[in-house]
Protein chains: 2
Amino acid sequence: MKKKLKVGFIGVGNRGQSLMSNLGFVENTVVTAVCDLCESRVAECVKQCTEKYGVECSGFTDYRELIDKADIDAVIIASTWLTHIPTAVYAMKKGIYVGMEVGPAGSVDECRRLVHAHEETGTHLFLLENCCWGRYEMFVLNLIRKGMLGELIYLAGAYQHDCRELLYKEYSGERPFAERYLHKIRNMEGYPTHELAPLAKYIGVNAGNRFMTLSASSTKARGFQKYYKETTGKDFEGIYRQGDVVNTLITCACGETITLTYDTSLPRPYSRGLRVQGTNGLWMEDNHSVYIEGRSPKDAWEKDDDYLTEFDHPLWKKSLEEGVKGGHGGMDYLMLEAFCYYARNNMRPPLDVYDAASYISISCLVEQSLSLGGTAISIPDFTDGKWVIKRAADENDYDVNV
Amino acid sequence: MKKKLKVGFIGVGNRGQSLMSNLGFVENTVVTAVCDLCESRVAECVKQCTEKYGVECSGFTDYRELIDKADIDAVIIASTWLTHIPTAVYAMKKGIYVGMEVGPAGSVDECRRLVHAHEETGTHLFLLENCCWGRYEMFVLNLIRKGMLGELIYLAGAYQHDCRELLYKEYSGERPFAERYLHKIRNMEGYPTHELAPLAKYIGVNAGNRFMTLSASSTKARGFQKYYKETTGKDFEGIYRQGDVVNTLITCACGETITLTYDTSLPRPYSRGLRVQGTNGLWMEDNHSVYIEGRSPKDAWEKDDDYLTEFDHPLWKKSLEEGVKGGHGGMDYLMLEAFCYYARNNMRPPLDVYDAASYISISCLVEQSLSLGGTAISIPDFTDGKWVIKRAADENDYDVNV
């Protein structure tokens with residue numbers, strides 16, 4: 001039996017606890033330390049983990065103490081967005097393999113600091129973008145690997161999630177930490193990674209390709225204000241600068257375009273609005289349709305169900321056979337399984353520090369473009385030119401590199 | 001019985017003949033003149049019209065002669081894209097009510113000339129954008145008028161039409177006039193009006209609102225080259241600068257965003273990809289779905305069929321009762337009925353000269369943005385500030401102003 005991977009958690013709010021619970025399904029792991037600013041959360045998690053794993057779990061309220069003192073091989077950072085990078089940098093400097101939750105970057109510069117910490121120490125950072133392990137995202141990865149879509153040309157994605165109730169609870173104090181509402185003082189691509197990470201992987205960004213430029217547009221902000229008025233009967237008088245819908249055009253070095261839509265304050269069903277289009281055909285999430293030239297009836301969509309049967313990713317086939325585990329339809333568990341595999345072997349992660357910096361900095365770069373009237377701006381190359389080197393996918397079912 | 005409206009046709013190729021045939025369903029009209037560079041087409045159309053209407057139809061090969069000499073109240077221009085505006089300007093200067101087919105503008109300046117011709121003469125120009133009279137476009141117009149979508153925030157549309165075979169036939173000489181292929185020397189929003197016109201009408205562009213800025217991106221060009229290779233076995237060595245997919249972000253004075261997608265050289269089913277989203281909900285073409293807050297089940301799409309029954313536009317209800325007439329699913333006929341109504345009464349058209357200039361110039365403005373690396377550029381205000389004046393929809397079922 002392999003040695004257990006000892007994992008520490010920094011930030012055990014909603015997301016941290018959910019990840020901790022999902023990690024419980026991953027074999028040969030043990031949670032040996034937890035940290036949170038909230039002492040009662042720490043106490044509760046320490047108790048749960050000690051019971052579950054039969055190993056003493058240590059509790060901390062200062063992340064530096066956890067990193068300095070705890071007996072851990074890897075750390076999962078699921079704290080607030082603005083603390084992700086300082087925490088990750090500290091852990092990398094101590095040689096701890098990092099799993100970092102997603103979110104918008106606070107600034108472009110802090111993304112550079114993340115990269116520098118990796119380059120100075122050689123410690124890896126694994127961006128915990130669960131959507132890369134989603135069933136449809138992996139199905140499309142498989143379609144691409146099998147050449148079904150041809151040469152990729154155009155990719156679209158979105159974070160379309162009606163967050164008005166959540167925002168209202170944050171604004172009114174019903175939720176303890178107003179992370180989302182706090183960011184409404186900014187107008188940006190507020191949450192780019194769920195759609196951008198899988199799309200970027202499909203076209204080898206930072207591994208033979210890169211983001212070159214972006215331009216963005218923003219609508220007025222009306223959705224939350226209307227919701228507030230309807231909920232309270234009063235006019236909203238707080239600060240709210242985030243446009244209801246922000247659109248971003250990203251051009252890539254190899255000639256592809258990626259478009260993003262951020263849409264979180266209007267009433268609508270959830271959708272990541274994925275579209276992946278190549279010289280042989282395309283797949284679209286919203287109508288769950290595929291069109292493959294020479295296979296689909298001419299000019300007619302096919303539902304993606306049949307293709308799913310044929311092109312389900314091996315990891316998902318296995319997962320469905322064995323029974324899907326954990327939250328968000330199973331992708332959280334699969335991501336954590338991947339994380340533990342890579343951490344245990346101290347391997348370069350499927351989503352590495354360059355990917356993390358490239359994806360999360362889009363938030364602030366869009367803000368720059370918007371503040372300049374939507375002009376096109378250069379996207380930093382966090383690899384300092386190393387993006388020209390291609391990257392073969394590792395020989396395991398976890399890797400999401402194309 | 002009302003006096004018959006005497007209509008001349010300039011350009012009787014595919015589109016002109018199709019419009020002529022559809023016009024045959026409109027009561028109290030008569031085609032009294034046709035013009036085309038191709039003499040055999042003129043002879044054939046003269047014969048057909050003289051027989052159909054029992055009135056002598058005159059034939060011309062020079063549009064100026066038709067305008068100067070023929071007995072007409074109105075003229076429909078369905079010639080090549082590059083001749084639309086010079087022809088329209090000539091007709092307006094002679095006081096002939098103009099119906100002008102759509103297409104990309106040749107330049108931004110020629111759009112100004114169109115506007116000036118109207119302002120100098122008072123003659124009206126009706127942009128013949130058939131999609132404004134499409135069933136779904138009018139259904140959505142009705143949804144908006146009834147307040148179902150709330151305040152509009154974000155609108156998307158597309159011209160997604162696999163034109164590779166058409167382009168190939170033009171390139172290889174199988175089709176007589178290579179209008180589409182000829183334009184592939186440019187990289188632009190090649191055909192903006194089908195989606196843009198209805199969307200612009202929904203938010204009152206040029207009548208209380210206007211397009212302010214745009215930025216654009218283009219992918220590489222691969223689709224046609226691959227098609228050519230597969231069709232001929234040879235590498236394509238002609239000129240082809242048009243990117244496979246061009247995306248455009250348009251910001252509007254009242255805070256809305258419109259996004260356009262131009263996608264004509266990759267294999268795919270046809271779609272105008274419409275999405276119309278407001279503070280109460282949204283409608284999407286691709287999955288034929290509606291979500292209306294408080295009416296739809298929470299967070300779940302509804303198919304638009306039920307809404308169609310309830311919110312079909314009166315013009316379409318009537319059309320379906322009486323039997324749909326003519327091409328493109330009936331919208332061509334309805335547009336021509338509208339055209340004849342407005343021409344007969346010499347009224348300001350639903351899509352007027354300012355709309356025409358604003359919509360078709362987008363093609364060249366996108367080219368400007370692309371040639372400047374996708375930067376945001378100002379969109380000209382062809383109304384010279386008059387856009388601040390709102391416009392009430394006329395009291396008839398033809399008007400598509402909101």
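Student: How many disulfides does a search of the whole structure find over all chains?
Tutor: The model is a predicted one, and the search takes in every chain. A pair of cysteine sulfur atoms must lie within 2.5 Å to be accepted as a disulfide, and over all chains the number found is zero.

Student: For Cys254(B), which is in no disulfide, how far away is the nearest cysteine sulfur?
Tutor: Cys254(B) has a relative accessibility of 32%, so this residue counts as partly exposed. The cysteine sulfur nearest to that of Cys254(B) belongs to Cys252(B), and the distance to that sulfur is 8.0 Å.

Student: Is Cys364(B) buried or exposed?
Tutor: Cys364(B) is likewise in no disulfide, and the nearest cysteine sulfur, 6.5 Å away, is that of Cys111(B). The limit for a buried residue is under 20% relative accessible area. Because the relative accessible area of Cys364(B) is 3%, this cysteine is classed as buried.

Student: Turning to the empty space inside the model, what is the volume of the largest cavity?
Tutor: The count of cavities of 30 Å³ or more comes to nine. For the largest cavity, the computed volume is about 490 Å³.

Student: Which residues that line the largest cavity are the closest to its centre?
Tutor: The lining of the largest cavity is made up of 32 residues, which divide into 14 nonpolar, 14 polar and four charged. In chain A, strands E7 (152-160), E9 (245-252) and E10 (257-263) each give two or more residues to this lining, as do strands E7 (152-160), E9 (245-252) and E10 (257-263) in chain B. The residues closest to the centre of the largest cavity are Tyr154(A), Ala156(A), Tyr154(B), Ala156(B) and Arg275(B).

Student: Which element gives the most to the lining of the second largest cavity?
Tutor: The second largest cavity has a volume of about 60 Å³, and its lining residues include Leu315(B), Lys318(B), Tyr333(B) and Glu337(B). By type, the lining of the second largest cavity divides into three nonpolar, one polar and four charged residues. Two helices of chain B, H12 (314-322) and H13 (331-344), each supply at least two of these residues. The element that gives the most, with four residues, is H12(B).

Student: Is Gly329(B) buried or exposed?
Tutor: Gly329(B) lies in the loop between H12 and H13 of chain B. If residues up to four places away in sequence are not counted, Gly329(B) touches Trp316(B) and Val324(B), while the C-alpha atoms of Gly329(B) and Gly134(B) are 7.8 Å apart although the two are 195 residues apart in sequence. Exposed is used for a relative accessible area over 50%. Since the relative accessibility of Gly329(B) is 54%, this glycine counts as exposed.

Student: What is the relative accessibility of Pro350(A)?
Tutor: Pro350(A) is found in the loop between helix H13 (331-344) and helix H14 (353-371) of chain A. Residues up to four places away in sequence being left out, Pro350(A) touches several others, among them Phe126(A), Trp133(A), Tyr342(A) and Val400(A). Pro350(A) counts as buried because its relative accessibility is 0%.

Student: How far apart are the C-alpha atoms of Pro350(A) and Arg222(A)?
Tutor: These two residues are 128 residues apart along the chain. The separation in space, taken between the C-alpha atoms of Pro350(A) and Arg222(A), is 39 Å.

Student: What distance separates the centres of domain 1 of chain A and domain 2 of chain A?
Tutor: The domain assignment of chain A gives domain 1 as 5-130 and domain 2 as 132-313 + 353-388. Taken over C-alpha atoms, the centres of domain 1 of chain A and domain 2 of chain A are separated by 26 Å.

Student: How many residues does the contact take from domain 2 of chain A?
Tutor: Heavy atoms within 4.5 Å make a contact. From domain 1 of chain A the contact takes 25 residues, and from domain 2 of chain A the number is 29.

Student: Near what value is phi of Asn28(A)?
Tutor: Most residues other than glycine have a negative phi. Asn28(A) is found in the loop between helix H1 (14-23) and strand E2 (29-35) of chain A, and its relative accessible area of 13% means that Asn28(A) is buried. Phi of Asn28(A) is positive, in a residue other than glycine, and is near 60°.

Note on methods: Residues are numbered from 1 along each chain as its sequence is written. Chains are lettered from A and ligands numbered from 1 in the order in which they are written. This is a predicted model: local features need pLDDT of at least 70, side-chain atom pairs count only at pLDDT 80 or more; totals for chains, interfaces and linings use all residues. Side-chain values use heavy atoms; hydrogens and water are left out. On a 1 Å grid over the protein atoms alone, a cavity is a set of points where a 1.4 Å probe fits but cannot get out, and a pocket is an open set with protein on both sides within 12 Å along at least five of seven lines; lining residues have an atom within 4 Å of a point. Grid points are joined across faces, edges and corners, and a volume is the space filled by probe spheres set on the points. Ala, Val, Leu, Ile, Met, Phe, Trp, Tyr, Cys and Pro count as nonpolar, Asp, Glu, Lys and Arg as charged, and the others, Gly among them, as polar. Buried means under 20% relative accessible area, exposed over 50%, partly exposed in between (1.4 Å probe, protein chains only). Domain bounds come from an automatic or database domain assignment.
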